[in-house]
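Biologist: I am new to this structure and would like a close look at a single part of it. Please take one residue in a strand and describe its surroundings, then place it in the wider chain.

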Amino acid sequence: MREGTATLIRRADYVAPIFWIRTVDLCFDLDPAKTLVASKMRLERNAAVPHGPLRLHGEELNLLRVLIDGESVSFRQEGHELIIDNVPDADFTLEIRNTCAPEKNTALSGLYTSGGSFFTQCEAEGFRRITYFLDRPDVMAVYTVTLRADKARYPVLLSNGNLVETATLDNGRHLAKWHDPFPKPSYLFALVAGDLVAREQRIRTRGGKDHLLQVYVRQGDLEKTEHAMNSLIASVVWDEARFKLPLDLERFMVVGVSDFNMGAMENKGLNIFNTSALLASPATATDADFHRIESIVAHEYFHNWTGNRVTCRDWFQLSLKEGLTVFRDQEFSQDMAATPSARAVCRIEDVRALRARQFPEDAGAMAHSVRPDEYVEINNFYTATVYEKGSEVVRMYQTLVGRDGFAKGMALYFERHDGQAVTCDDFAQAIADANPGSALSTRLDAFKRWYSQAGTPRLRARGAYDAAAQTFTLTLKQTTPATPGQDRKLPQVIPVALGLLARDGQALPLMLQGEDGAAGATETERVLVLDQAEQSFVFVNVPSEPVPSLLRGFSAPVVLDDGLGDAELLVLLTHDSDAFNRWEASQRLALNRILGAVRTGQPLVLDAAYLEAMRAVLRHPELDPAFKALALQLPDEAYIAEQLDVVDPQAVHAAVEAAQTQLASALQADWAWAYDTHQVTAGYSPDPVQSGKRALVNLSLAMLVLNATRSGDGVWPGRAYQRFKDATNMTDRMGALSALVNAQAELADSALARFHAQFKGEALVIDKWFALQGRAAERDGKTFARVKQLMKHPDFTLKNPNRARSLIFSLAMFNPAAFHRADAAGYVFWADQVLALDAINPQVAGRLARVMDRWTALAEPYRSAAREAIARVAAKPDLSNDVREIVQRALA
Ligand code: PHE
Ligand code: ZN
């Protein structure tokens, strides 16, 4: 929005629209250079609000004419608004004609072309780049859409809803008309036109209704859609079974596009996906890709109810649909995982992602609450806080009212609000009202602080055992750090799932003082609810001094300080019945050591007790390989950095690298054993059992190659190279390749060259090739130098978001040691790329700008150099709102 002025939008300023749009008839004459859009709408005054002129949103459009009830009217254009002062009091018809230029639309918001086809992206405010409209989620209309285009170039013409008419036209053109019976906000509108093919599946759902599922992709990609289709079918089945939410459309379409700003979009009946979130074959996609596709397909499908049938009143309520839908897709993935151990692995991965992305966000310049209070550019608020922390908030409802209580609450939510645009308060009220007297309903106002307070609460827990009285007193204390604009915080409602273990690992019964003998006497896990700044809980009949296992399953998104020492952590690592806390113990053992080294500036030397514990995990006869791989992985550098008030990224990296090298060498024989004994011999399947084995094999190989490279031994690098060449799936191939690249083994370059030659026609695989090099472990500045070199590679382009992310984001976001350089070259590179991207695609540029969120926590010389780079970006005239908001907040 470079023509207008940036305004701060406030949640408190919400007013209902002055007009409703009830129906809209859209006609598109599709042409890449100049597409003609004719819109005919039925409007009605909103009797509930004072009179005012009609103000429609429109950006980057060329207006041709405006008619009211068939007559031309006078209008004004101000900034991005089309204003009509004189409109009838009664209902009226508004007709607008305009053009837009899809092939010039590099921002990928609105109507654009990609690979010679047309696609749209309207969330959050892209519809106004197609035609003039009340482009806000609380205006819901019934759409009828006619598409006209050249038949040879665009044989497939799609929009939301049901196909009601097709026809052949003159001049080689054809027409398709679609009608969507469900009223929807403009952000859920979509059209697709191009030369695509579809995988199709007919299904009959529980209610006996037939549906057609279609996955549209380019010719040649069809065999990569099987997994997406299976995931879609599983999602339909799951939502009916778990929440009794059926598919409400005869036809449900999914389309892949290679130029896309995000993962995917839930347009009603016509989901549009980044190909990276849709296409998979064993030869081109890793286990992680298969897993991610399953969860994104599910996520978009689940939006059909949580987002589409009930939508958001305004964009401040974004987490109403996103937090809830992430929660639903996480629950789906867990249910799909089948075994308890595979469920735990899902949960661990989700929490790991939350801590690596959302915790740092909550501790930086962009910290905001799950329901933000203000924004300049809504695109900047599709964040880990709104999505992932939002999901944790929904999970806490479920923890507080129970699984059945939560399902009842969901049912009430849909009973009350189906077809409406509502707020987070409406959701909270429905869950509470469905569960009167519950731990939630009695504290609803306090619970809702999760929506209004930013920052990650700190939970301090200390236990005191009284041997004579056989009591264990657990004192819980909470504080939430100040965040920009929020100095003082009130206590939050924190559900603390816990168990107590005897030193020999036995689970102890949990009875609180004051409870009678029957209740709780045999329970070994329960949920305490902390709702004060400090509270003590006294457990009785505790026969020996226990080790508390707190926050089981990560029952609240907080940072826990339980003061446990190595001895206690080892009890949990070995015996906890909660797999999440077993993993957590492994991470804490590593974290304590890494933080110790970073804080004292001493080189890290891993002690025998830690190494033995890790060896025991690796060699454990019963633990799942997937779990072992997670427990033996060191904490993310971003998560470590978040625990420090002053961050020297090089010191963090040095400590992690030292820990890795020592783990590699001390456990060499064990890694070799793990590598040999976990090979998968059956045909490829991305299931949890196989993928768990591959994860452990790949981790082992990385350790073995690292150790061999450091000690000058050629055997393991040679084996890795052979494995890389012979691999029959991408997970194994990437595992071997990254082992070579990260160890900077001599064979790495020839493997990289070979990989590129083998996959040069596969864009998504070439993305992996760039990403691997951007994330490669840094030594002597080689990785940074290579990234700069790769920017000039003929396959590199800033125009394709996946490609830009694969190289630039890999370096700036996921490779702190290569990025944070004492000579500031990383920051100079960052500023250059933010500015270059901003001219092409502000959303992607804004995302890259966020890399500097926590610059004030950096140690010198990084801090001053970072400020200088941010200031240079901020000084550029003509910045997009996206980038300007980020850099201004950073400097505030
Ligand atoms: N609403 C999409 C989702 O989470 C994400 C998205 C936002 C996509 C904005 C494009 C643009 O499923
Ligand atoms: Zn979503």
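Modeller: What follows starts at S117 and then turns to other parts of the chain. The model is predicted. S117 lies in strand β11, which covers residues 117-121. S117 counts as buried because 22 other C-beta atoms lie within 10 Å, and the cut-off for buried is 20 or more. Leaving aside residues up to four places away in sequence, S117 touches V192, A193, G194, D195 and L196. One of these, A193, is 76 residues from S117 along the chain, yet the C-alpha atoms of the two are separated by 5.7 Å.

UniProt, in an unreviewed entry, places the feature "domain: Aminopeptidase N-like N-terminal" at residues 26-188. Over residues 26-188 the chain is 55% strand and 0% helix, and the C-alpha atoms at the two ends are 14 Å apart.

Next comes the ligand. Ligand 1 has 13 residues around it, of which E123, M262, M265, E266 and Y382 come nearest. The shell around ligand 1 consists of five nonpolar, four polar and four charged residues. Strand β20 (264-265) and helix α2 (287-302) each supply at least two residues of this shell.

Elsewhere, five strands form an open sheet with mixed pairing, in the order β29-β31-β26-β25-β33. Its edge strands, β29 (511-512) and β33 (559-561), each pair on one side only. Strand β25 (residues 458-466) runs parallel to β33, and three bridges join the two. R460 stands opposite D561 in β33.

Methods. Residues are numbered from 1 along each chain as its sequence is written. Chains are lettered from A and ligands numbered from 1 in the order in which they are written. This is a predicted model: local features need pLDDT of at least 70, side-chain atom pairs count only at pLDDT 80 or more; totals for chains, interfaces and linings use all residues. A residue is near a molecule or strand if its C-beta atom, placed from the backbone, lies within 6 Å of it. Helices (H or I, at least four residues) and strands (E, at least two) are DSSP runs, numbered from the N terminus. Ala, Val, Leu, Ile, Met, Phe, Trp, Tyr, Cys and Pro count as nonpolar, Asp, Glu, Lys and Arg as charged, and the others, Gly among them, as polar. UniProt positions are given in the numbering used here, feature names are shortened, and annotations may be inferred rather than shown by experiment. Two strands pair if DSSP finds at least two bridges between them. A residue is buried if 20 or more other C-beta atoms lie within 10 Å of its own, exposed if 12 or fewer, and partly exposed in between; C-beta atoms are placed from the backbone. Two residues are in contact if their C-beta atoms, placed from the backbone, lie within 7 Å.
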